[in-house]
Amino acid sequence: MGRKDWGAILVLLVLTAALYGVGMGAFGFLDPDEPFYALTAKEMLQRGDLWRPVLFGEPQFEKPVFFYWVLYLSFKCFGVNEFAARVGPCLAGVLTVLLVYLWGKTLFRKRGPAFISAAVLATAVEFLILCRVAMTDVFLCLFVTAALCAFSAGYTDERRRPAAWLLVFFFCGLGFLTKGPLGILLPFLGIVPYLLLSGERHLLKEIPWGRGLALFALVAFPWYVFMAKEHGPGFLRHFFVHENVRRFFVAEHRNSDKIFFYPIGVWAGFFPWSAFLPAVVSYGLKRVLRPPSPAQKSFLFLALCSFLPFAFFMLAKSKLFSYVFPVFPPMALMTGAWLYRFLRLKGDVQGAGLRFWTVLFWGAAPLLALAGAVGYGAENRVDLWRPVAVLGVVFVPFCWAALFCFWKGRRRWALAGILLGMVSFAWGVFGMLVPRTDGGFSAKKAVAFYRDFVKEDKPSFFLASKLFVRGVAYYAGSEKVGVLTGNPKRAFYTRHPLPFFSTLDDLLKIEREKFPVYCFLRQKDLQFLRSIVDHRFGVAIVWSDAERVIAKLDRADHDQNP
């Protein structure tokens, strides 16, 4: 790499620091997923055990160990807190952005499209969000991107091919250790079809399958072998069949199992670059259908790396927006290549379609997002005027200024304006807005109130809604928690080792000395609780914030003093 490459990397580091570095520890863990990972790592740390993921005191088989290692070491370095849990995903996001720059340099052989692609990825709103929360998806995205980048490096340079293609298997091994079979499936969903469709199937023989799979096994398998020895074949059956194969055919989240879920989610999640996606798709198809050339092959590879994993996730019954995260880097590269060409065109080249989409995403969408924040604050009685005002005088004007410059043909100014707009968005949302709405999305505020409200030393027993139970256990530092639900069999895809309460008889089984029981509930679960108790119980609300409430459940013949 030359001096200008290091300059581009420095600029990208400054951009990602501005995007991801503000407010990482300013708000509590977002229910239900962040507390799931944080609580598991916290219990591992308390036991001093790096190898056995544990949740609520029992072995936890839902995810492999790599992300828990990241959290474990981060907790050791920075303490058990929100910042420590999120710094790892943040750094993984930064590395992914830098990898996209290097991948773009390899494919396009120019700094311009590579830099724009990396900036597009860094500022896409879903990427921006997931790099700031404690979840596994950003690490899977990092390792899939690294594997594809290594393949491209070996494909374009025969001298580096043996080492580069061995690295493909190394990164697949890390992906397998992060999220199971997807770690090796997703990269090869792009690599093998590309070599077949490009007429270069002979290169399949040059892939070091023997040494590569040995390296893959050396990286990926030791932890699985250890767990299989500890827990028997039941672990392998649970992880590979229940947590992977079955999720493909059975919807964990029934409301999201819709044909339009991912198309709408990816389009919205790619904001603000969503405005260009129709043009990028059209441009990419034209490139792919041209006679073979380096540019045609690059677009074919990127299209396959985007479309085939996307189609795979579309076919799966279990759907979450974060699952399709690995398609964002190749999408960003195609967008960056199109933008680089578009910025260099002379004259007025914006068609009616492009003008419409930029007005929708750069003009209307920021205003609608602001209106949504105002509506949320009014409905839930949360004072959001300060962050809304800041976003209104910084983020929205930047977007509108970018739109104005775009319409006037000042396309480079438009690009600069939208990048600054996304930086202001990150500061306003994660530095001000989310911390003020903390009580609606995290158990941290509710548990802090409980500790101030209940001045006693004896261990308490809690009830919680299924979405809140992990956060309550994490912040309360207690495994003495039960789940209040009307349907215990469908409360969790993988059942937690917790007591479930769904009837009056279940509540009557709680020992009298555990009362009063404090319940951390959604409003609808509070109504359910009131519907199943009788005259032997009293239910009183002691705290509420948005859809969350703390209710005090007591026996009628029990001492009422907390």
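**Exercise 1.** In which loop is the place of P516?

*Solution.* Start from the fact that this is a predicted model. Look between α23 (504-508) and β6 (517-522): P516 sits in the loop there. Next, check the peptide bond between F515 and P516, which is cis, with omega about 0°.

**Exercise 2.** Find the residue that a cis peptide bond joins to P32, and place P32 in the fold.

*Solution.* The partner is D31, and omega of this bond is about 0°. Then move to the neighbouring elements: P32 belongs to the loop between α1 (3-20) and α2 (33-47).

**Exercise 3.** Describe helix α9 (residues 182-197) from end to end.

*Solution.* Begin with its length: α9 has 16 residues and spans 22 Å from the first C-alpha to the last, close to the expected 22 Å. Now follow the axis, which bends by about 35° at F188. F188 is also one of the buried residues of α9, among them L182, G183, P187 and Y194. Then ask what these buried residues pack against: α7 (137-156), α8 (161-179), α10 (209-231) and α14 (294-315). Finally, step just past the helix, where G199 has a positive phi of about 75°.

**Exercise 4.** Is R109 buried or exposed? Do the same for R381.

*Solution.* Take R109 in the loop between α4 (82-108) and α5 (111-123). Its phi is positive, about 60°, although R109 is not a glycine. Exposed means over 50% relative accessible area, and R109 has 59%, so it is exposed. Turn to R381, in the loop between α16 (352-380) and α17 (385-393). Phi of R381 is positive too, near 55°. With a relative accessible area of 82%, R381 is exposed.

Terms used: Residues are numbered from 1 along each chain as its sequence is written. This is a predicted model: local features need pLDDT of at least 70, side-chain atom pairs count only at pLDDT 80 or more; totals for chains, interfaces and linings use all residues. Side-chain values use heavy atoms; hydrogens and water are left out. Helices (H or I, at least four residues) and strands (E, at least two) are DSSP runs, numbered from the N terminus. The expected span of a helix is 1.5 Å times one less than its number of residues. The bend at a residue is the angle between axes fitted to the seven residues ending there and the seven starting there. Buried means under 20% relative accessible area, exposed over 50%, partly exposed in between (1.4 Å probe, protein chains only). Contact means heavy atoms within 4.5 Å.
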